Amino acid sequence: TDPALLESDSEPSALLEPAPVVKTHLLEKGDTLSLVLSRLGVSDREIYEMMTVAKKIYNLRKIHPGQTIAVTFDESEQQVAHFSYEIDRINSLEIAQREGQFTAAQKTLLLERNVERRAGVITDTLYDSARRFGVPSEVILDLSDIFAWDIDFGNDIRVDDQFKLVYEVFKKDDEVVQNGRVLAAEMMIRGEVYRAYYFAPEEGE
């Protein structure tokens, strides 16, 4: 036998070491975390310790349908190596187990800030008209709050009134995951123009 055939660039132990196993679950109405984790193969001890260590960051008894959990099992140790819970579109709870000890941390996505501009003519209500021009609902509500002292949105708005908006959005992989503050706004109501601008406070204020 050619001795070269017996040689390998990899260590035998590396070849035999099992890869981690990742199991995910989309939470549904009526799910409890304990039951879901148990079904995924997490031991009662690990469930208790994970929920205990998570309390300082997020109460896992308040999980919501539609959120995702992911459990990574270290098959060589037959135990949980990592647990992740999607708190919202930006934040997640991350729990890791090392040498039998669990630690928890909150992870926040790094988002790219962009500025959006929208302008339009009102043909019915401000809300419906702005939505047709692509303005998010929460930004429209912010716009209403900004001019609440100047404009009676229930009685003053007329067809052919106009609006202009500049506002922040925060993106991840070119997808908007959060809308920010309104930076500038203008409303032309019955020929009268109202303007508002956001000024960032000086440091220390």
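Helices (H or I, at least four residues) and strands (E, at least two) are DSSP runs, numbered from the N terminus. Contact means heavy atoms within 4.5 Å. Axes are lines fitted to C-alpha atoms, for helices over the stretch in contact, and angles run from 0 to 180 degrees between N-to-C directions.

The model is predicted: local features need pLDDT of at least 70, side-chain atom pairs count only at pLDDT 80 or more, and totals for chains, interfaces and linings use all residues. Residues are numbered from 1 along each chain as its sequence is written, and side-chain values use heavy atoms, with hydrogens and water left out.

**Exercise 1. Describe the sheet of five strands and the helices on it.**

Step 1. Two strands pair if DSSP finds at least two bridges between them. The order in this open sheet is S1-S2-S3-S4-S5, with antiparallel pairing. Strand S1 (21-26) and S5 are the edge strands, each pairing on one side only. On average, neighbouring strands are turned by 15° against each other, direction ignored.

Step 2. Take one pair of strands. S2 and S3 run antiparallel and are joined by six bridges. Thr72 has His82 in S3 as its bridge partner.

Step 3. Add the helices. Helix H2 (residues 33-40) lies across S1, S2 and S3, and runs at about 40° to S2. Helix H3 (residues 44-54) packs on the sheet and touches S3, S4 and S5; its direction makes about 50° with that of S5.

**Exercise 2. Describe the sheet of four strands.**

Step 1. This open sheet has the order S6-S7-S8-S9, and its pairing is antiparallel. The edges are strand S6 (112-121) and strand S9 (192-197), each pairing on one side only. Here neighbouring strands are turned by 25° against each other on average, direction ignored.

Step 2. Go through the pairs. S6 and S7 are joined by 10 bridges, and Glu116 has Tyr167 in S7 as its bridge partner. S7 and S8 also pair over 10 bridges; Lys164 stands opposite Glu186 in S8. Strand S8 (residues 175-189) pairs with S9 over six bridges, and Ile189 is partnered by Glu192 in S9.

Step 3. Look at the turn. The hairpin of S7 and S8 has two residues between the strands, and Asp173 takes a positive phi near 55° there.

Step 4. Place the helix. Helix H5 (residues 137-146) lies across strand S7 (162-172), S8 and S9, at about 35° to S8.

**Exercise 3. Which parts does the salt bridge of Glu175 and Arg89 tie together?**

Step 1. A salt bridge is a side-chain nitrogen of Lys or Arg within 4 Å of a carboxyl oxygen of Asp or Glu. The structure holds eight salt bridges.

Step 2. Between Glu175 and Arg89, the closest N and O atoms are 2.8 Å apart. Glu175 lies in strand S8 and Arg89 in the loop between S3 and S4, so the pair ties together parts that are 86 residues apart in sequence.

**Exercise 4. Describe the largest pocket and its lining.**

Step 1. On a 1 Å grid over the protein atoms alone, a pocket is an open set of points where a 1.4 Å probe fits, with protein on both sides within 12 Å along at least five of seven lines; lining residues have an atom within 4 Å of a point. Grid points are joined across faces, edges and corners, and a volume is the space filled by probe spheres set on the points. The largest pocket has a volume of about 180 Å³.

Step 2. Of its 15 lining residues, Glu86, Asp88, Asn91, Ser92 and Glu94 are the closest to the centre. Strand S2 (68-74), strand S3 (79-86), strand S4 (91-98) and strand S5 (101-108) each give two or more residues to the lining.

Methods:
Nonpolar A, V, L, I, M, F, W, Y, C, P; charged D, E, K, R; others polar.
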